[in-house]
Structures are given as C-alpha cells and as structure tokens.
Amino acid sequence: MADSAKTGQKPLVELQGVSKIYGSGTAAMQALRGVDLRIDEGEFVAVMGPSGSGKSTCMNILGCLDTPSEGRYLFRNVEVGSLTRNERALLRRHHLGFVFQGFNLLNRTSALENVELPLIYRGIKGPERHSRASRALAAVGLSGWEHHTPGELSGGQQQRVAIARAIVTEPDVLLADEPTGNLDTARSLEIMELLTSFNRNQGITIIMVTHEQDMARFARRVVHFRDGLVAEDQINGEAR
Amino acid sequence: MLANTLLLALREIRRNVLRSFLTILGIVIGVAAVIIMVTIGSGATAQVTEQIASLGSNLLMVRVGQHMGPGQTAAAPPFDLDDAQAILRDIPYIAAVAPSSSQRLTAVYGNANWSTTANGIDNEFFTVRNWTVKSGRQFLETELRAGKALCVIGATVAKELFGDQDPIGSSIRLGNFSCQVIGVLEAKGQSTFGSDQDDLVLVPLRTFQRRIAGNQDISLIQVSVAEGRSTDKAKSDIEELLRTRRHITGTENDNFQVRDMKEITRMLTGTTQILTTLLGAVAAVSLLVGGIGIMNIMLVSVTERTREIGIRLAIGALEREVLLQFLVEAVVLSSFGGVIGILLAVTGSLGLARLLKIPFIFNPGIMVIAFLFSAAVGIIFGFFPAKKAARLDPIDALRHE
C-alpha cells in the first residue's frame, strides 16, 4: 500500500534534545534528559518503558499538551515551544487525535454526541457532522450503538467510542496513552487491530504508549525509554 | 462560534437535568418571593389610600391628648359636650360635629356574651362615618335627648350574640344595664388597621354617659367641614378655639389633637410602606439565599466538571470557548429560572391579592430588578470558577477525579 512510500520520507514530529524539569530547586524532578526522536508520517510507534521513565511526559509533549523545558519540538517543522496556548489548542484540534487509558468520554452523553464533539469545535455543521460521526462509529464497529451513553457501554466499546472520537477529524497523528490498560486481553487485541487498520488503510500516524509486550508487537517500531532517555529504538520486523 | 457554543451549552444543560433544575430552583424562589412580597405590599398601600379617600377628605378628628408616637398619647382632660357644640356654633363653615365616647365592655344575650366596644353617639355619627342601618332604624331625636336604653349593634356583635336570629326588639345587657336592640348596621369588614369595624355597639351619647361611663366626658369629636372649604383653615380654627376653651396659652403645647384625613393617610400609608419595605427586605434575603444556592451549585459543578473541561481542552477547545460555554449555560439557566420565577410570582400574587382582597398592582420595575439580580448571580458565580478551570493545564484537568 501507500504506507511503504510514506514511511521514512517526511518527518512529522521531531524532538531535538528535549528536557523536561518539573518543580524547582531541590524538589526539581527531571523527567526527560535530552531526548532526540523523529517520527515520520505513516509510522506506527510503540513507546515502552517502566513507570517514571519519561514516556508519559514525552507523550504529553508530542501531544502539545505540555512544552519542553529545554530543546526543540518540531511538528511539521513548526516549533511548538514558541506557540501560544491557543495556537497549541488549534494544533490539537486540527492535527491530533487522543485516546486515553481511562477513555475520557463525557458522561451521560450519547456515543454519537461524544464523537461529534471535536467536529463541533471545528465548526462543522449539523447534517455533515452527524454523518461523519456515524461513519466513524461504524468504522469502529459500533453501528447501532449511537444513542447509548458511556454508562451503557462495556469498557471495550467505550474505548472504541474514544477511538472514533479521535479519528473522526482524520488527524495526522493519533496519540494513544495505554489504550488497552483498562481492558482484558480479548478486548485489547480488538482495539489493537482497529488501530492497526487505521494506520494501514488511512495512513494515520500512531504513537502509542504501552507497557504490554503483546500490544507493542502490533507496532512497526518500538521505542524504549529509561531514566528520561531513549534507551532502545528498534524496527519490529514481525509487525502484522 | 456562538451557535456552536449554544449547542454545547444546551447539551450540557440537558445531560445534567438535576443540577440544572437545582440552579433554576434557587432563582425561581428568589425572584418569585421578591416580586410577590413587593406586589402584595404595594397592593396593600393602594388599598389603604383608597379606603381613606372613600371616607371623605372633609373629615377632621379631634381627640384628647397629645400625640407622642404611634398609639401613644399623654393624659389630658377630656372634652365635654359644650366643646363640640362650641365648634359647631363658633366656626361658621362646619357642616356637622359628631361627639362620641367609647368604652370596652361585655355584651350579653342569653348564654352568649361578647367583648366589644360601646360608643356613645348622636345621629351625626352615622353621617360622618358613612354608617347605614341594614335592618331596624337609627335613634330618634327624642330618644337621644331622653337617653333611652336603646342600641344599634354592628354585624359582628349581631352574629356573635344572636347567630341566625333576628336581634331587633331583643334586649341585651351591656356591662350592668340592659337595652333594646333597634337596629343592625351594614357590615363594613376589616379596617385598614386590621381591626373589625363591625365589632361595636352604638348607644345614645346621653345613655352612654349616664349608664356606662358615669361621667360627661367626650373622647372624640368628628367634624365634617362644609363642602369646598379648606380643612387646613378649619383645623387651625378648631385648634385656636380649643386652646382658648382649655386655657392653653403662649408656647404651651396642645393637650389635644386635630387630625385631617391627609395626615391619617400619610400615617397609614407610611405604615404600609414600612411594611412593604420590610417584606421586600425579607424577600431580598431569600433572593440572596437563592443566589448563594446558585453560587454553590455553580462552584460545585465547575469543580465536578474539571475532567470534562480537560477533555474539551485536549480535543482542542480554546480557553475562551470553554468559558463562553459556561457563560452561555449560566445565562440560559438564569434567564429560564427568572422567567419561571416571574410567571410564578404573577400567578401567586394574583391569587394572594384575590385571597386578601387587595388590588393587584403590576410592578415591572421590581421584576426587572429581581430578574437582573438573579441573572447576575448566576453569571458571576458561573463565570469565575469556570475561568479558573479553563486556565488549568489540560493534563492536570484530565487527571482530576
């Protein structure tokens, strides 16, 4: 498919000597110590590492939710560190999709309305918004569940709603922070297959934090973090 | 952008029905309480003014004692019949004088007894006070002069002593003398002071002085000034005459008082206005409490919604979009509550006005004030916590449980 042509050609995100320090003085905690990382368009990257290794901090910076203390973060050659809070919000709105471990859906709100949410912020009007959200739900296999609220859905279904919400805007990058952390193995594998298909068929770049080897196997590249640095960066030849 | 925000806000309101209902409830109660209180208060004031106007503006009340304050008078020598006659005789444009004296006593008929006020009067009393006799008749001049043991009773006394029986011709005992009922007065209902105007027994003044009071005293002289003449002039003439008759000289204070209806109107409307203010103040407190309720719910809901705010920010909502959404929610809820409050208040005060038999006075000013106040509370206390929350780091907001 087209993905082989894309991979390795255009840098999508690039961290250059990124450090992140929380707090100050003796209480200061250095979460990242000069990370260099480049991810190209169309890649499927798994980020692994023990807790406290800096992988979540790295994800927050890649997701433009946080800014580096030192170093540069380039998103499509735009320096994110120099953007204002609002500009970063707009970058998230137009280019990024998020999937969280805890699903983070709006309670008491139907699946359809949850998926519509990012489209509302993009200013997409009623009928189009509706059909796009329905299509996204269909793509994650939830046709017929549009009017169920998160409370009426299983964990796996909720995570699929969250994925639908993340891909409904056709983002450049989907950032997934332990998307299978709250799910059993069968549900986890379903979610991973879903993510893989979006990566292959729609060319959405996926960066996923996980601590499960089984889930990392789906990615074509695995980055290991240790003590705030990239310890290993390997191509996964056996990716499905 | 506003259409989108409105959509988001309405979805938020709809998905939190209970919270929205509680917010609205505070506003509804506050707005309704203030409007009802003020409406009823101004209705009462209007009614007092109207009642006094119906008494006639040419009436002067001359009483013994000096006015010290509401309901207080200093002791002073009473009037006698000559004082009343002197007023009629010496001041040319006086149409009528009605001297009277009164005392509380118990009226007894058969097994029934009733504590009431006996008034010694002459027939002018009926004219100046607009009393009409419903059944039976007034006193005859000869009966008045002779001081016969006859009485005309008020509707309340008739009801309490005789029930459904016809009282005319029966004898009742007043204190320790008995007299025959010759008439029953037309009912007047409650006075503006809230006392029962029909709770009285009228006897000839002479009879009263001899058989009840045992003296020649007159406590009240009601003076009716001829049509078209100034009551102010009559008032100062009466004061001058009485000062002479009561030997009050120089700078000494009067030991009597002459009141015209204007003063009484002022005094009474003053009282009801104070009452209105008081009611309004109580209602304002309830509006404030309602406001605190709104504030509470807004604060709690913003805290509770931190994670939601985090989700919105992560998805790419701008700080101002989140804020605007909260603001629109607050405005929609407050306005909705305000409108319901106003509707409730109008229905409530219409019903109350009918129940209390006072006129319903539509007061758009107070509605606007109550509405704006509650809206302001809703908006201010919805806005500031939301502002704080919208400024949060999306990561922190998302982690919030």
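**Notebook: cores, interface and selected elements**

I began with the largest nonpolar core, which counts 125 residues, and I noted that A:Val47, A:Ala164, A:Leu174, B:Val34 and B:Ile35 touch the most other members. Its largest share, 16 residues, comes from helix α2 of chain B, residues 17-55. Apart from this core I found another, of 48 residues, which includes B:Leu59, B:Val181, B:Val223 and B:Ile238. I keep in mind throughout that this is a predicted model.

I then looked up the surroundings of A:Val47, leaving aside residues up to four places away in sequence, and listed A:Lys55, A:Cys58, A:Met59, A:Ile207, A:Met208, A:Val209, A:Val223 and A:Phe225 as the residues that A:Val47 touches.

**Where the chains meet**

Between the two chains I noted 20 residues of chain A in contact with 18 residues of chain B. On the chain A side, α3 (85-95) and α4 (111-121) each supply at least two residues, and the largest share, six residues, comes from α3(A). Sorting that side by class, I have nine nonpolar, five polar and six charged residues.

I followed α4(A) further and found that 11 of its 11 residues are buried; among them are A:Leu112, A:Glu113, A:Glu116 and A:Tyr121. Within chain A, the buried residues of α4(A) pack against α3, α5 (126-139) and α6 (155-167), and in chain B they pack against α1 (2-15), α10 (306-315) and α11 (319-356). Just after α4(A), I marked A:Gly123 for its positive phi of about 80 degrees.

**Helix α7 of chain A**

I checked the span of α7(A), residues 185-202: its 18 residues reach 25 Å from the first C-alpha to the last, close to the 26 Å expected at 1.5 Å a residue. Its buried residues are A:Ser188, A:Ile191, A:Met192, A:Leu195, A:Phe198 and A:Asn199. Because these cover an arc of only 120 degrees around the axis, I place them on the same side of α7(A). The face turned away from that buried side carries the exposed residues A:Ala186, A:Glu193 and A:Asn201.

As for what the buried residues of α7(A) pack against, I listed β3 (44-48), α6, β7 (173-177), β8 (205-209) and α8 (213-216), which belong to chain A. Just after α7(A), A:Gly203 takes a positive phi of about 70 degrees.

**Strands**

In chain A I traced an open sheet of four strands in the order β2-β1-β4-β5, with antiparallel pairing. The strands β2 (29-40) and β5 (78-79) of chain A stand at the edges, each with a single partner strand, so one side of each is left without a neighbour in the sheet. Inside this order, β1(A), residues 11-22, and β4(A), residues 70-75, run antiparallel and are joined by five bridges, and I noted A:Arg72 in β4(A) as the bridge partner of A:Gln16.

Turning to chain B, I counted 13 helices and 12 strands, and of its 401 residues 39% count as buried. Among the contacts in chain B with a separation of 6 or more, 82% are accounted for by residues 24 or more positions apart.

I closed with β12(B), residues 256-260, which pairs with β1(B), residues 59-64, in the antiparallel sense over five bridges. In this pairing B:Val64 stands opposite B:Phe256. The covered face of β12(B) holds B:Phe256, B:Val258 and B:Asp260, whereas B:Gln257 and B:Arg259 lie on the uncovered one.

How values were computed. Residues are numbered from 1 along each chain as its sequence is written. Chains are lettered from A and ligands numbered from 1 in the order in which they are written. This is a predicted model: local features need pLDDT of at least 70, side-chain atom pairs count only at pLDDT 80 or more; totals for chains, interfaces and linings use all residues. A residue is buried if 20 or more other C-beta atoms lie within 10 Å of its own, exposed if 12 or fewer, and partly exposed in between; C-beta atoms are placed from the backbone. Two strands pair if DSSP finds at least two bridges between them. A nonpolar core is a set of buried Ala, Val, Leu, Ile, Met, Phe, Trp, Tyr and Cys residues joined through C-beta atoms within 7 Å. Two residues are in contact if their C-beta atoms, placed from the backbone, lie within 7 Å. Ala, Val, Leu, Ile, Met, Phe, Trp, Tyr, Cys and Pro count as nonpolar, Asp, Glu, Lys and Arg as charged, and the others, Gly among them, as polar. The expected span of a helix is 1.5 Å times one less than its number of residues. The arc is that of the directions from the helix axis to the C-beta atoms.
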